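Student: I would like to request a close look at a single part of this protein. Could you please begin with one residue and then describe the open and enclosed spaces of the model?

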Amino acid sequence: MAEKHHKQLMTSQTIKQLVFDIPKWVVICALIGILSGSASAFFLVSLEWVTQFRIHHDWIVWLLPFGGFLVGLSYYYWGESVVKGNNLLLEEYEKPKKVIPFKMAPLVLFGTLITHLFGGSAGREGTAVQMGGAIADQFSKIFKLDNAERRILIILGISAGFASVFGTPLAGAVFAVEVLYFSKINFKSILLSFIVAYAAYFTVEFWKIKHKHYSIPIVCELSFNTILYTLLVGLLSGFAALLFSRSTHFWGSLFSKNIKYPPLRPVIGGIVLAVAIAGLGFTKFSGLGVPVIVDSFSNPSEWYDFLLKILFTGFTLGAGFKGGEVTPLFFVGATLGSALSLFIPMPIALLAGIGFVSVFSGATHTPIACTIMGMELFGLQPGIFIAIGCTIAYFSSGSVGIYKSQIVKGVKYKLYQRFQKKELENL
């Protein structure tokens, strides 16, 4: 009897807690969505301005070393606690220690705009996600949240940042959960991730910010041959993702080992990049590279375009410049798929679209989010091809992605463990 009464009391307390939690989390989601969405809107407008300024004043690329010094100094003196960027968000989610400093948001915004103004090869996702994460985590102090609830805030920040910067709320919500899939995720986190993603997305829409649209006008029929070709594109996309991740980690390690004074790293890197971009004429590999991505959907790219984008982006970020990796991953995938159209008898836009999201899938270990993103961007018709490409790229991209702190387990992890064990046995 006493046990039954105790269970009823616990159930009653749980219901009361849920009733109290609902309005609290709705308010939190709305605030994070509005603030993160507004921050992303400001970032996108500013990014477009600095990009256009660089395009119309191409001499500014020669000042990359100066821009690198500004970025290096800002993080050396004020950003040591947030220099890990996205990895800090993942680490705080897995083992919460202290609230992410709000200064992460303005520092990464400044660093990314400087990087793009002077012509470094970088993206924008990392910036939006870091701003979203830093903004979201401040509510842990305001609402006096415990570590379990802080984890939810970090998911909300990632979701809001991703959804708002790319205009893909469904993919943003799923990405925030999937990138942390093998950590502690609960149903409430998933539900709230969708709410905040749409809040951030509609906030950007409110500010009348337009996202870049891509299209796949022709989709071939599903057949044995087209499935085989798609498997090949997914496999090559996975290898490209592996090369991208290893390149970024390699250059970062090389710079940190050989140049002990951090602000000097982007200066040296900036000199090399300025000579390569302005001196040798590799201008199409600076910045986001969106015009090249758009062109790849209608005209075959050069076979080496994706390789050079990997090199330029890995070197830029490894040297200490700031920005994301995702748009460069789009560049790599789209140009790879476009170049394959010379050998694979499938529509060029379809191949570019498959590569676009598949390389992203392999580099972030998020095949479900990338499949959803592909359908949000290109429509439902090419969905089966996109799903196949993203899945194969996920399995063929290695066990280490662009985020060193991401926990990778499950079937893929077990397969690589067995493979490595066999290799050791054969030595």
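Tutor: Let us begin with T316, in what is a predicted model. T316 counts as buried because its relative accessibility is 0%, and buried means under 20%. This residue lies in helix 13, which covers residues 305–318. Leaving out residues up to four places away in sequence, T316 touches T115, G120, S121, L273 and F321. One of these, S121, has its backbone nitrogen 3.2 Å from a polar atom of the T316 side chain.

Helix 13 leads us to the largest pocket, since this helix is among the elements that each supply at least two residues of the pocket's lining. The others are helix 2 (64–78), helix 3 (86–94), helix 5 (125–137), helix 10 (224–258) and helix 11 (264–279). The space in this largest pocket amounts to about 1,000 Å³. Its lining consists of 36 residues, and those closest to the centre are V83, K84, L317, G320 and K322. Helix 10 gives the largest share of the lining, with 5 residues. Sorted by class, the lining has 16 polar, 13 nonpolar and 7 charged residues.

The second largest pocket has a volume of about 650 Å³. There are 25 residues in its lining, and E48, T51, L288, V290 and P291 lie nearest its centre. Two helices, helix 1 (2–56) and helix 12 (290–296), each supply at least two residues of this lining. The largest share, 8 residues, comes from helix 1. By class, the lining of the second largest pocket divides into 11 nonpolar, 7 polar and 7 charged residues.

We may now turn from the pockets to the enclosed spaces. The structure holds 3 cavities of 30 Å³ or more. The largest cavity has a volume of about 80 Å³. Helix 7 (147–166) and helix 16 (367–378) are the elements that give two or more residues to the lining of this cavity. The residues that line the largest cavity are R124, V165, F166, H211, K212, Y214, F330, F356, M373 and L377. By class, this lining has 7 nonpolar, 1 polar and 2 charged residues.

F356, which lines the largest cavity, also appears in the description of the largest nonpolar core. That core has 117 residues, and those touching the most other members are I32, L156, F297, F356, F360 and F378. Consider I32 in particular: apart from residues up to four places away in sequence, I32 touches G37, A136, F139, L153, L156, A160 and V196. L156 is thus both a contact of I32 and another of the core residues that touch the most other members.

F139, a contact of I32, also serves as a reference point for I209. I209 and F139 are 70 residues apart in sequence, and their C-alpha atoms are 26 Å apart in space. I209 lies in the loop between helix 9 (187–206) and helix 10. This loop residue counts as buried because its relative accessibility is 13%, and buried means under 20%. Setting aside neighbours within four places in sequence, I209 is in contact with A41, L44, V45 and V204.

To return to the starting point, T316 is a buried residue in helix 13, and helix 13 is one of the helices that supply at least two residues to the lining of the largest pocket.

Methods: Residues are numbered from 1 along each chain as its sequence is written. Side-chain values use heavy atoms; hydrogens and water are left out. Helices (H or I, at least four residues) and strands (E, at least two) are DSSP runs, numbered from the N terminus. Buried means under 20% relative accessible area, exposed over 50%, partly exposed in between (1.4 Å probe, protein chains only). A polar contact is a pair of N or O atoms within 3.5 Å; within protein, one must be able to donate a hydrogen and the other to accept it, and residues adjacent in sequence count only if both atoms are side-chain atoms. Contact means heavy atoms within 4.5 Å. On a 1 Å grid over the protein atoms alone, a cavity is a set of points where a 1.4 Å probe fits but cannot get out, and a pocket is an open set with protein on both sides within 12 Å along at least five of seven lines; lining residues have an atom within 4 Å of a point. Grid points are joined across faces, edges and corners, and a volume is the space filled by probe spheres set on the points. Ala, Val, Leu, Ile, Met, Phe, Trp, Tyr, Cys and Pro count as nonpolar, Asp, Glu, Lys and Arg as charged, and the others, Gly among them, as polar. A nonpolar core is a set of buried Ala, Val, Leu, Ile, Met, Phe, Trp, Tyr and Cys residues joined through side-chain atoms within 4.5 Å.
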